[in-house]
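Thanks for making room for me this morning. Could everyone pull up the model on their own screen? I'll walk through it piece by piece.

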Amino acid sequence: MPPLAAILLAPALLSLVQSKTINSFAGPYIVFSHRYNPCQSQGVFVVHARISHFNPKRPYDLQTATGNITLKEDFKDGYWAAGTMAIRSNNQWKENAFVFNIPRKGCSVIRENIPDLYRLFAEVTGGPVADRTAPCVLPKGTYFVPEPRAVNVTLANIPILPYGRYWYRGTLSRTRNSPSALACVEFDCEVIPKP
Ligand SMILES: *[C@@H]1O[C@H](CO)[C@@H](O)[C@H](O)[C@H]1NC(C)=O
Ligand SMILES: *[C@@H]1O[C@H](CO)[C@@H](O)[C@H](O)[C@H]1NC(C)=O
């Protein structure tokens with residue numbers, strides 16, 4: 001299992017095992033976003049996005065995004081990526097249900113794990129789209145996505161996920177001990193059974 005898959009699965013499986021009443025299940029899934037925020041950072045990489053509403057009656061319709069992307073330097077690998085996940089349980093967020101760190105990564109985490117999101121970023125910024133062996137680099141610049149663009153955020157290496165509602169916050173920093181992050185994103189998202 002690729003490391004990110006293990007990282008993403010671990011907290012939810014843990015909570016599944018720990019929950020006294022088994023009220024959640026894992027399986028083939030659709031993941032969608034309730035809300036996206038760029039959070040406080042140095043703003044070296046900033047994605048502003050408005051994401052369309054997910055319609056539960058049409059679960060195979062992909063959500064679309066409009067917005068803008070600012071990359072003050074080339075976005076590549078070599079950063080310290082960190083994430084925390086809260087899990088919604090009994091109408092409360094269980095904060096930092098899981099914390100993880102991925103050293104020396106950045107661009108290729110997205111390319112390998114959420115390939116369709118990478119495709120959108122690469123198309124918008126002029127990075128390499130098809131050649132998965134090319135160095136993963138999105139060139140610096142300011143880019144606009146004025147028209148809604150569909151994006152499939154299914155995790156490529158993870159065929160099943162535990163269902164539930166998650167609050168995910170990810171940061172990228174120069175090094176582990178950097179006082180402030182280069183970038184920060186927050187998602188309130190939900191994993192539901194694939195009908
Ligand atoms: C999204 O991607 C997954 C995995 O590649 C695929 O199974 C699914 O059919 C895609 N969804 C849509 C609506 O294209
Ligand atoms: C990007 O979008 C945000 C939110 O709409 C806006 O505040 C910001 O000024 C935009 N950035 C650029 C470079 O236009």
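Let me start at an odd spot: right after H3 comes Gly 126, and its phi is positive, near 85°. When I say H3, I'm using DSSP runs numbered from the N terminus, where helices are H or I with at least four residues and strands are E with at least two.

Some housekeeping. This is a predicted model, so local features need pLDDT of at least 70 and side-chain atom pairs count only at pLDDT 80 or more, while totals for chains, interfaces and linings use all residues. Residues are numbered from 1 along each chain as its sequence is written, and chains are lettered from A and ligands numbered from 1 in the order in which they are written.

On confidence, pLDDT is the predictor's own score for each residue, from 0 to 100. The protein chain averages 88, and 88% of the residues score at least 70. Where should you look away? Where pLDDT is low, the predicted coordinates should not be read in detail. Here, pLDDT stays under 50 over residues 19-23, and the model has zero contacts for them beyond four places in sequence. A contact, by the way, is two residues whose C-beta atoms, placed from the backbone, lie within 7 Å.

Now the layout. The protein chain has three helices and ten strands, and from the N terminus on they run α-β-β-β-β-β-β-α-α-β-β-β-β. Taking contacts with a separation of 6 or more, 72% are between residues 24 or more positions apart.

How do the strands pair? For pairing, DSSP has to find at least two bridges between two strands. Strand E2, residues 29-38, goes antiparallel with E10 over nine bridges, and Arg 35 stands opposite Asp 188 in E10. Strand E9, residues 164-173, also runs antiparallel to E10, joined by nine bridges. In E10, Glu 186 has Arg 169 opposite.

Back to H3 and what's inside. Buried means 20 or more other C-beta atoms within 10 Å of a residue's own, exposed means 12 or fewer, and partly exposed is in between, with C-beta atoms placed from the backbone. Of the 195 residues in the protein chain, 25% count as buried. In H3 the buried ones are Tyr 118, Leu 120, Phe 121 and Ala 122, and their cover includes H2 and strand E7 (141-150).

Then the cores. I'm calling a nonpolar core a set of buried Ala, Val, Leu, Ile, Met, Phe, Trp, Tyr and Cys residues joined through C-beta atoms within 7 Å. The largest has 23 residues, and those with the most contacts inside it are Phe 45, Leu 138, Leu 172, Leu 182 and Ala 183. Two or more residues each come from strand E4 (64-71), strand E5 (79-89), helix H2 (107-113), H3 (115-125) and strand E10 (183-193). H3 has the largest share, four residues. Take Ala 183: leaving aside neighbours within four places in sequence, its contacts are Ser 41, Val 44, Phe 45, Val 46, Thr 171 and Leu 172. There's also a second, separate core of eleven residues, including Ile 30, Met 85, Ile 87 and Trp 167.

Next, the end of strand E6, residues 92-105, where we find Lys 105. Is Lys 105 buried or exposed? Buried, because it has 20 C-beta neighbours inside 10 Å. Beyond four places in sequence, Lys 105 touches Asp 77, Tyr 79 and Ala 81. Its C-alpha is also 6.4 Å from that of Trp 80, 25 residues apart along the chain.

Arg 104 is in E6 too, but it counts as exposed because it has 10 C-beta neighbours inside 10 Å. Most residues other than glycine have a negative phi. Arg 104, though, has a positive one near 60°. Asn 91, in the loop between E5 and E6, is another non-glycine with a positive phi, about 60°.

Last, the ligands. Being around a ligand means a C-beta atom, placed from the backbone, within 6 Å of it. Ligand 1 has Tyr 60, Leu 62, Asn 152 and Thr 154. Around ligand 2 sit His 48, Gly 67, Asn 68, Thr 70 and Thr 142, and E4 gives the most to that shell, three residues. That's my tour; questions welcome.
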